[in-house]
Amino acid sequence: MSEINHVEPLSETVQLLDADRKKLEQISLDMSLGLSTEEMSMLQNYFLNLGRNPTDVEMQAMAQAWSEHCCYKSSKFYLKKYFSGLEKHDAMLAMEDDAGVVSFDDDYAYVVKMESHNHPSALEPYGGAATGVGGILRDILCMGAQPVGLLDSIYFGEVWNNSIKGKGLHPRFVLNNVVGGIRDYGNRVGIPNIAGSVEFDKCFNNSPLVNAGCIGIVRKDKISRSLISKVGDLLLLVGGRTGRDGIHGVNFASAILTEGSEEKKSVVQLGNPIIKEPLIHAVLEANEDGLIDGMKDLGGGGLSSSVGEICLAGGVSAIVQLDKVLLKEEGMKPWEIWVSESQERMLLAISPENLEKISKIFHNWDIEFSIIGEVVSGTSLVLNYEKEKVLDLDLNFLTSGPVYCRNYELPKKEMLEYVIPPEDLDLKVFLQKFLGAPSNCTRQNILRQYDHTVRGDTVIRPLTGMTNGETHSDASVIKPLEHSMKGLAVTAGSRYDMVAVDPMSGTFGTMTEAYLNVLVTGAKPSSVVDCLNMGNPEEPKIMGQLIQVLESMSEFCTKMELPVVAGNVSLYNQYSGSNIKPVPNIMMVGVMDDVSKAISADFKETGNHIFIIGRESSSLGGSQYLKFRNIDSNTAPWFDMDELKQISEKYREAYSRELILSAHDVSNGGLIQTLLEMSFGFNKGFHIDLSDISDARTLEKIFSEGGERIVVEVKPENREEFIKVFDEVKITEIGKTTSGEINVIDRNITILEGEIKEFKEPWLHGLDNFI
Amino acid sequence: MEGTNNEYEAFQSFKRVGLDPRYVHVNELRRKTVSLEEFSSIFLPGGFSAGDYIRAGVILANRIASSSLNELREFIDTGKPVIGVCNGFQVLCELGFLPGWSYENQREIVLGQNTSNRYECRNTYIRLTSDNMIFKDFFNREQPYLVPVAHAEGKIQIQNKSVNLEKLVDMGQVLFRYSDPEGNFGSYPWNPNGSDHDIAAISNENGNVIGLMPHPERMFYRYRNAEKKIFGETAIGEVFFKAIKQYISKIGY
């Protein structure tokens, strides 16, 4: 005879009602809720009203939903203020579901999203980065879209510095493990990694940033929403099992890292690309067959967030049976099941009559699932574990979360013009060091570890030019549909050094560069996704940065007629009191009419004309040149959106007439680095004269990163037509391409002479010692 | 199976030459819902079957062996082409069909970790180095063909090399070798993984079981006009899959 023992109750009551402020603080701490005392008293009032104490499941669910990560309590007010007035243009869903959806052609839409995975990557770089990729794939998948490209912007500390002290992980270790995580996950799921950025700065020494993005393609009539509205639908939890990994991830992601945070590794989820890969197939097959009524991925906050949000969005509620969730390990408590952030899971709502069909699909792909609940009408969410009711809360209260209108402080405008020491430097020697620095050198050591050709759709790869001697592309181009020559150009990055100097114009600079990256390929920019990485929002200075970034993004998008379709805000990127520089990481996507005309960045022939499109800029503020020489500045160049608009129109005309053989925008490292990178592609040099550009100092002309400038290569037979197309735009002819030699003249003085390999070698090997 | 990828571009490649491809999951073989007999060619795509956490391809090979080894052997004996690319190549080696001397149960060739000790995604060139019945009329032996590679374990290591390498060459089983753009064999990064004798692809003695590390299916078309001028109008994928189609119709399947 055996007896069932109830060793301990499944859920416990939390003594909230009679707690004083001190006790409230203690409860939040003991249960790792991450809620402030004010928030705790809001909860106390709510339960006072109900006349009962909450269960531990309820408290944990509230803490998940009210974390900064889930409810954007610090940024929501301002996001709404600056973004809600933006027009949608080609977007079908902007800032509504798990990812943005934008029209691609009559029948298809593309789906985009970028999201930060900073805190997990700081602690456990390999797992954090890998699950960042996994999470972003699910965001695309849950819209019913086939993922076609991954991208990632990653920011590291001083990988070259051997004297970094403290308990944190060394930036070199973080670099190798983040790259490893992205590689091992991305390559295994078979989606090409096509674009992104890699940056190095002291401010990321203990706060690395990992922003993962993804783009997918879906037929417009197959778009699946992240909402359910059909009462009686079954809730299916599909894919990986639920375990104790990743518990309290969102609370942790909404807190400041300090020495000692390193011990919290269990908050980082574990990824498994080998479950993800068939999950993608199975979900897309079920979606194609019209079996799915609503779908949401399980990310931060786990079931707690997903069930809440998907129901609230559709005006329904749910009864969930927690004991039906398939577990990785025995003995998990109800609250742990409810908030676990285990990876590779999707929540599906289906009609009961489709259960058999969908079971068959998942069975064929060896994917596990269980029915965990049912959609009901009303507003109260109920969770049961076996026969015990462990949660009964109003969905609206649970999911909405508080909104803060935090104090902010705008930076004081002090004009501090930089002072450049006398020009005593040998430009060639300087450039060789400059190009070999981690901030400016090639990213090939990293890019070649990522599979960027799988699926066979990559038209412009991140590396372009002669085989095994390539240079960098501005944006990558993929051709997502077999039957159409239309393409998608994708880029991501940030001019964070300029943003740090001046958040307004630095953000314009970031947006302008993203725009130009897409435009130079010949595509028309059509949507923006933002990943805003900032320090501690409780500091007014940081809120000031956030507000200025949002304001200039909003202005840029209004002017350039672009929708912001998705994004995320990552705050509390602070380590033991020091904040990161503000990093608005911008992903931009453009649509190209015909990929056969796509323009890449590599000079292709000898004897062609070189032009600069766009007015000159001579400001060195926020430039890599000043950074490299440790010269302070707090002015950033200005960016002219009217000119950008004009250039955009004319440039696309030149693209469709195939007048431009290669093109690269002027950004990091200024005009000289732009020209050199173009020459590295096929080892074609350049002979140029800077005299006609302006009267500025030579150093300013070659290193300024301002303006909306594009350097282009034009064949002699197209020169006249090219000039005619750009009649209303400032263009400057500066020289010709050569078979290999480099020669730069300014006011009759030769300022640079050499062979390509003298510059390419240091550029190629800048990261060799670190990865 | 789980972790397999590259199937999309392989599928498209067959379709582009006018064939009628179908995806078959290893579970369908196990459950006997599909019979290999009905097909005229088998393509084992690349990827990381089961994650490749143990040894590349070994788990998929075991699953195929347990469900349809005999069926696959009969398929091969009819002379129909069986192509394994990347992970698929690793599977065919694990199954003993490549180089196929002792047929199965013995691995004469191992695909090891790249010499660079890391995953390498890059383009390189390959040249046809055999009179293989499928490819000899389609590839120019003097011409290097641009092709993508992307793998971490693709270094062809021949067991008992002093004897077996010569045997492989003599029997015409060295199908493609890595070269630089001028057609000279060898040297990193053109040989991206450090394979013996710069071997990129091999076949069985009969020439109908093909294993290759590069991915012709990922470069079927040369999309950009600017690229066509530099690298030529026709890309390797089109040549490769047209050759397979021609061979299939010649043998009458």
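A cavity, as the word is used here, is a set of grid points where a 1.4 Å probe fits but cannot get out. In this predicted model, the second largest space of that kind holds about 370 Å³. A total of 30 residues line this second largest cavity, and those closest to its centre are A:Thr458, A:Val459, A:Arg461, B:Met219 and B:Glu227. Both chains therefore have lining residues, that is, residues with an atom within 4 Å of a point of the cavity. From chain A, strand 14 and strand 15 (463-464) each supply at least two residues of this lining, and from chain B the same holds for strand 5 (145-151) and helix 6 (225-231). Sorted by class, the lining of the second largest cavity comprises 12 nonpolar, 8 polar and 10 charged residues.

The contact between the two chains can be taken up next. Here 45 residues of chain A are in contact with 40 residues of chain B. The size of an interface is often given as the accessible area lost when the parts come together. For chain A and chain B, the buried area is about 3600 Å², with 48% of it given by carbon and sulfur atoms. On the side of chain A, the residues that lose the most area to chain B are A:Arg188, A:Thr467 and A:Glu482, which together account for 17% of what that side buries.

Polar and charged pairs also link the chains. The rule finds 3 salt bridges across the interface of chain A and chain B. A salt bridge joins the side chains of B:Arg218 and A:Asp451, with an N to O distance of 2.8 Å. Counting residue pairs in polar contact, with both residues at pLDDT 80 or more, gives 20 between chain A and chain B. The side of chain A that touches chain B receives two or more residues from each of helix 8 (171-189), helix 10 (273-288), helix 13 (355-364) and strand 14 (458-460) of chain A. Helix 10 of chain A provides the largest share of that side, 5 residues. By class, the side of chain A that touches chain B has 15 nonpolar, 16 polar and 14 charged residues.

In total, the structure holds 8 cavities of 30 Å³ or more. The largest cavity encloses about 800 Å³ of space. Its lining consists of 45 residues, and A:Gly196, A:Ser197, A:Glu199, A:His472 and A:Glu513 lie nearest the centre. Several elements of chain A each supply at least two residues of the lining of the largest cavity, among them strand 4 (146-156), strand 18 (487-493), helix 18 (503-520) and helix 22 (670-682). Strand 5 of chain A gives the most to this lining, with 7 residues. The lining of the largest cavity divides into 15 nonpolar, 20 polar and 10 charged residues.

Some features of the backbone remain to be described. In chain B, the peptide bond from B:Leu98 to B:Pro99 is cis, with omega near -5°. B:Pro99 belongs to the loop between helix 4 (87-95) and strand 3 (109-112) of chain B. B:Tyr188 and B:Pro189 are likewise joined by a cis peptide bond, for which omega is about 0°. The loop that contains B:Pro189 runs between strand 7 (174-179) and strand 8 (199-203) of chain B. In chain A, A:Arg747 has a positive phi of about 45°, although this residue is not a glycine. A:Arg747 lies in the loop between strand 29 (741-746) and strand 30 (749-755) of chain A.

Methods:
Residues numbered from 1 in each chain as written. Chains lettered and ligands numbered in written order. Predicted model: local features only at pLDDT ≥ 70, side-chain atom pairs only at ≥ 80, totals over all residues. Heavy atoms only, no water. Contact = heavy atoms within 4.5 Å. Buried area = accessible area lost by both parts, 1.4 Å probe. Salt bridge = Lys/Arg side-chain N within 4 Å of Asp/Glu carboxyl O. Polar contact = N/O pair within 3.5 Å; in protein donor to acceptor, adjacent residues only side chain to side chain. Helix = DSSP H or I, 4+ residues; strand = E, 2+ residues; numbered from the N terminus. Nonpolar A, V, L, I, M, F, W, Y, C, P; charged D, E, K, R; others polar. 1 Å grid on protein atoms, 1.4 Å probe; cavity = no way out; pocket = protein on both sides within 12 Å on 5 of 7 lines; lining within 4 Å. Points joined across faces, edges and corners; volume = space filled by probe spheres on them.
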